[in-house]
Amino acid sequence: MAGNLKKFVNPRFIKTIDLALMKPLLARHEGKYKGFSVDLLDQEEDAAREALEKLLTGAEDSYPEGLRGDLHRIAELGDARGLEIIQTQAARQGVDLFPDMKTGDEDAPNKAHDPKHIAVRVFLENPDLFDAAADHMAMLTADRLHEYAGRERGVAIDLTAEKVEAFRTAVAALFRDAFLGDYCRVGDYDDDDEINLVVSHGSMVSTMPVVEGQVERVISVRQISHAVLRYSENTGMLRLARIRKAHQPEIAELFASIILDWTCPAFVESV
């Protein structure tokens, strides 16, 4: 993940990103910087970009953990594939995505059309759309699906916001015990007869060495993981991805008791 972030926050990004976007992004974490102030972006442009470069190209632990988390999330959608997913979700939600940007190139391509720039703008201006796009990215890239057969088939599900929140609370407690982090968000999506839940949660803190100039430093990172649950009403099959094997039975039963209103045990792992 650190490598992806360095690739995202590269010299071209720093030289071209709209400073009017970076200021509110950095301001989300005002007061937590070391040797940096968001007001530095109000300087003449060259000086402002120099201050931004010094901040973002240094070791990750030189800026707040919250900003690292924001940039990691934005980086996941800051490429051509991410832009396509953002556009697809905008169309599904009936969102006219930035009509002010729908202009042709004049002397040179419009730098505001860069997927990285669009990802930053969506993150700031339409967080619900950004979350939906991040969830669908997780669903598209989910692999190694583990299947659990349900005791019933063809039962229509009444998926309510109250059920989703109750499920989020229960799963958050499970992941808090496992990974010692508090962050947990659940996105829910219907796809014909299939219900999809994407649980975004903090994973275990890891350390990694980074180089700052000629000095090696070690930083701590808590990455965000995306657990995926897919349930088919027609087949009664629940498929899980990116969930520890040890957690799968408990999460399956939480899904059954909270989302389906079934008594447990409700699922049997398919061989």
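Here is a short exchange about a predicted model of a protein.

Colleague: How many helices and strands does the protein have?
Modeller: Start with the overall make-up. Buried residues make up 48% of the 271 residues in this predicted model. As for secondary structure, the protein has ten helices and eight strands.

Colleague: Among contacts between residues at least 6 apart in sequence, what share joins residues at least 24 apart?
Modeller: Contact here means heavy atoms within 4.5 Å. Take the contacts between residues at least 6 apart in sequence. Those that join residues at least 24 apart make up 68%.

Colleague: H5 and H7 pack at an angle; is H5 roughly parallel or oblique to H7?
Modeller: Helix H5 covers residues 65–77, and helix H7 covers residues 115–125. Their axes are 9 Å apart, at an angle of about 125 degrees. Roughly perpendicular ends at 115, and roughly antiparallel needs over 145. The angle therefore makes H5 oblique to H7.

Colleague: Which class counts six residues in the contact of H5 with H7?
Modeller: H5 passes H7 in a right-handed crossing. H5 brings Asp-70, Arg-73, Ile-74 and Leu-77, while H7 brings Pro-115, Ala-119, Val-120 and Phe-123. Two of these residues are charged and none is polar. The class with six is nonpolar.

Colleague: Helix H3 packs with H7 too; is its crossing left-handed or right-handed?
Modeller: H3 spans residues 19–27. Its axis lies 10 Å from that of H7, at an angle of about 50 degrees. That angle makes H3 oblique to H7. The crossing of H3 with H7 is left-handed.

Colleague: How many charged residues are in the contact of H3 with H7?
Modeller: From H3 come Leu-21, Pro-24 and Leu-25. From H7 come His-117, Val-120, Arg-121, Phe-123, Leu-124 and Glu-125. By class, six are nonpolar and one is polar. The charged residues number two.

Colleague: Phe-167 and Phe-255 form an aromatic pair; is it stacked or edge-to-face?
Modeller: The structure holds eight aromatic pairs. In this one, the centres are 6.3 Å apart and the planes meet at 90 degrees. Planes over 60 degrees apart pass the cut-off. The pair of Phe-167 and Phe-255 is edge-to-face.

Colleague: How many residues apart in the chain are Phe-167 and Phe-255?
Modeller: Both Phe-167 and Phe-255 are buried. Phe-167 sits in helix H9, residues 161–179, and Phe-255 in helix H10, residues 248–259. The pair links distant parts of the chain, with a separation of 88 residues.

Colleague: Which parts hold Tyr-231 and Trp-262?
Modeller: Tyr-231 and Trp-262 form an edge-to-face pair, 6.4 Å centre to centre, with 85 degrees between the planes. Tyr-231 is buried at 1% relative accessible area, and Trp-262 is buried at 7%. The pair ties together parts 31 residues apart in sequence: Tyr-231 is in strand S6, and Trp-262 is in the loop between H10 and strand S8.

Colleague: Which residues form one aromatic cluster?
Modeller: Both pairs just described feed into this answer. Phe-167 and Phe-255 are in the cluster, as are Tyr-231 and Trp-262. Phe-267 belongs to it as well. The full list is Phe-167, Tyr-231, Phe-255, Trp-262 and Phe-267.

Colleague: Is Arg-176 buried or partly exposed?
Modeller: Arg-176 lies in helix H9. Beyond its neighbours within four places in sequence, Arg-176 contacts Gly-181 and Asp-182. Buried needs under 20% relative accessible area, and exposed needs over 50%. Arg-176 has 36%, so Arg-176 counts as partly exposed.

Note on methods
Residues are numbered from 1 along each chain as its sequence is written. This is a predicted model: local features need pLDDT of at least 70, side-chain atom pairs count only at pLDDT 80 or more; totals for chains, interfaces and linings use all residues. Side-chain values use heavy atoms; hydrogens and water are left out. Axes are lines fitted to C-alpha atoms, for helices over the stretch in contact, and angles run from 0 to 180 degrees between N-to-C directions. Helices (H or I, at least four residues) and strands (E, at least two) are DSSP runs, numbered from the N terminus. Angles under 35 degrees count as roughly parallel, over 145 as roughly antiparallel, 65 to 115 as roughly perpendicular and the rest as oblique. A crossing is left-handed if the near helix is turned anticlockwise from the far one by less than a right angle, and right-handed if clockwise. Ala, Val, Leu, Ile, Met, Phe, Trp, Tyr, Cys and Pro count as nonpolar, Asp, Glu, Lys and Arg as charged, and the others, Gly among them, as polar. Rings of Phe, Tyr and Trp (its six-membered ring) pair if their centres lie within 6.5 Å; planes under 30 degrees apart count as stacked, over 60 as edge-to-face and the rest as tilted. Buried means under 20% relative accessible area, exposed over 50%, partly exposed in between (1.4 Å probe, protein chains only).
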